[in-house]
Amino acid sequence: MAFITFLGTGGGRFATIYQARATGGIYLEDMKNLHIDPGPGALVRMRSVGIDPLATDAILVSHCHPDHYLDAEILIEAMTEGGTRKQGVLLGSLSVIEGNGDFGPAISKYHLSKPKTIKVMEAGAKFSLKPVEITATTSAHSDTSAVGFRLQTTGGMISYVADTQLTEQVIKAHKNARLLIASVTRPLGQRIPHHLSTEDAGYLVEKCRPELAVITHFGMRVIQENPETQAKWIEERSGIKTIAAADFMTLDLKKDTIAVGNRIKLKPEK
Ligand SMILES: [Zn+2]
């Protein structure tokens, strides 16, 4: 069954700079180990919960902003056993891998020479990492090549809405997932371009109707206004169970339920 650990729930410039929340990305274990959007401190947060970086099978980077890509190069070194074995998978937006206008590339030529497989993920692109089937989804972000991800796992469909403005195409791309994870950078009444606000997430969740919605990637304003308050508003609006992710929170996608836990309690730091 699929198991998720939030190695960070912060996002945006100032929450990241001050580490108001961790920014280590999302770690998915489903026979393979996938690390999604390893931002600053990903390695440190892995250390905190005893996840071995060398066990990484794939690194997925949605776009070329540092809160999403910063630890990707060192994780490539881990995934390839210090660069000594050509193994592992790197999936990233065009900006991350080749560069796109002012953005990127985020990964040096040296590091691009290390993984066994590298794929530029544009909306609709697919990659099979059995048993996980990955599809990139459309985004409308300041990095115009940004994508989200849909992951068909043994625990059902997980839809990850990375940084994006809300569009009808984005809603369509994330419908009918079991678990919807949305990056909410701004709280109620404080929408900015290119990102989801709480109101946007409420509309998205209402339309997509997952079994469970989780909000994460909180900007400083969301943290100040309380992520739980934002989640409650979304739940009341949509009628869909919605929770605010916490650093090191886990989700166990069991057959009948999605169990929420905390990895720090599972594996205390030694
Ligand atoms: Zn971004």
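Contact here means heavy atoms within 4.5 Å, and helix and strand numbers follow DSSP runs counted from the N terminus. With that in hand, welcome to a predicted model in which helix 2 (residues 42-49) lies across strand 1 (3-8), strand 2 and strand 3. A zinc ion has four protein donors here, His63, His65, His141 and Asp163, and two loop residues, histidine 195 and alanine 146, make good stops on the tour.

**The open sheet and its helices**

- Eight strands make up an open sheet with mixed pairing, and their order is 6-5-4-3-2-1-15-16.
- At the edges sit strand 6 (117-120) and strand 16 (258-262), each of which pairs on one side only.
- From one strand to the next, the twist averages 15°.
- Strand 2 (residues 23-30) and strand 3 (residues 32-36) run antiparallel and are joined by five bridges; aspartate 30 has lysine 32 in strand 3 as its bridge partner.
- Helix 2 runs at about 125° to strand 1.
- Helix 4 (residues 72-79) also packs on the sheet, where it touches strand 3, strand 4 (58-61) and strand 5 (89-92). The direction of helix 4 makes about 165° with that of strand 4.

**The zinc site**

- The donor atoms are NE2 of His63, ND1 of His65, NE2 of His141 and OD of Asp163, and they lie 2.2 to 2.4 Å from the zinc ion.
- Along the chain, these donors follow the spacing H-x1-H-x75-H-x21-D.
- Angles among the four donor atoms span 91 to 166°, and the site is irregular. A tetrahedral label would need all angles to lie between 85 and 135 degrees.
- Histidine 63 has a relative accessible area of 0%, so this residue is buried.
- Histidine 65 comes to 17% relative accessibility and therefore also counts as buried, the cut-off being under 20%.

**Histidine 195 and helix 8**

- Histidine 195 belongs to the loop between strand 11 (179-186) and strand 12 (196-197).
- Its relative accessibility is 16%, so histidine 195 counts as buried.
- The side chain of histidine 195 reaches the backbone oxygen of proline 193 at 3.1 Å.
- Beyond its neighbours within four places in sequence, histidine 195 is in contact with six residues listed here: His141, Asp163, Thr164, Gln165, Thr185 and Asp200. Among them, His141 and Asp163 are donors of the zinc ion.
- Asp200 is one of the buried residues of helix 8 (residues 198-208), along with Thr198, Ala201, Gly202, Leu204, Val205 and Cys208.
- Arginine 209 follows helix 8 and has a positive phi, near 50°.

**Strands 7 to 9 and alanine 146**

- Strand 7 (residues 126-129) and strand 8 run antiparallel, joined by four bridges, and form a hairpin with two residues between them.
- In this pairing, phenylalanine 127 stands opposite isoleucine 134 in strand 8.
- Strand 8 is mostly covered, with five of its seven residues buried.
- Six bridges pair strand 8 with strand 9 in the antiparallel sense; threonine 138 has valine 147 in strand 9 as its bridge partner.
- Alanine 146 lies in the loop between strand 8 (132-138) and strand 9 (147-153).
- With 5% relative accessibility, alanine 146 counts as buried.
- Not counting residues up to four places away in sequence, alanine 146 touches Ser62, His63, Ser93, Ser139 and His141. Of these, His63 and His141 are among the zinc donors.
- Alanine 146 and alanine 136 are 10 residues apart in sequence, with 9.5 Å between their C-alpha atoms.

Technical notes. Residues numbered from 1 in each chain as written. Predicted model: local features only at pLDDT ≥ 70, side-chain atom pairs only at ≥ 80, totals over all residues. Heavy atoms only, no water. Pairing = 2+ DSSP bridges. Axes fitted to C-alpha atoms, helices over the stretch in contact; angles between N-to-C directions. Buried < 20%, exposed > 50% of the residue type's maximum accessible area, 1.4 Å probe, protein only. Polar contact = N/O pair within 3.5 Å; in protein donor to acceptor, adjacent residues only side chain to side chain. Donors = N, O, S within 2.8 Å, 3.2 Å for Na, K, Ca; no water. Tetrahedral: all angles 85-135°; square planar, octahedral: opposite > 155°, others 65-115°.
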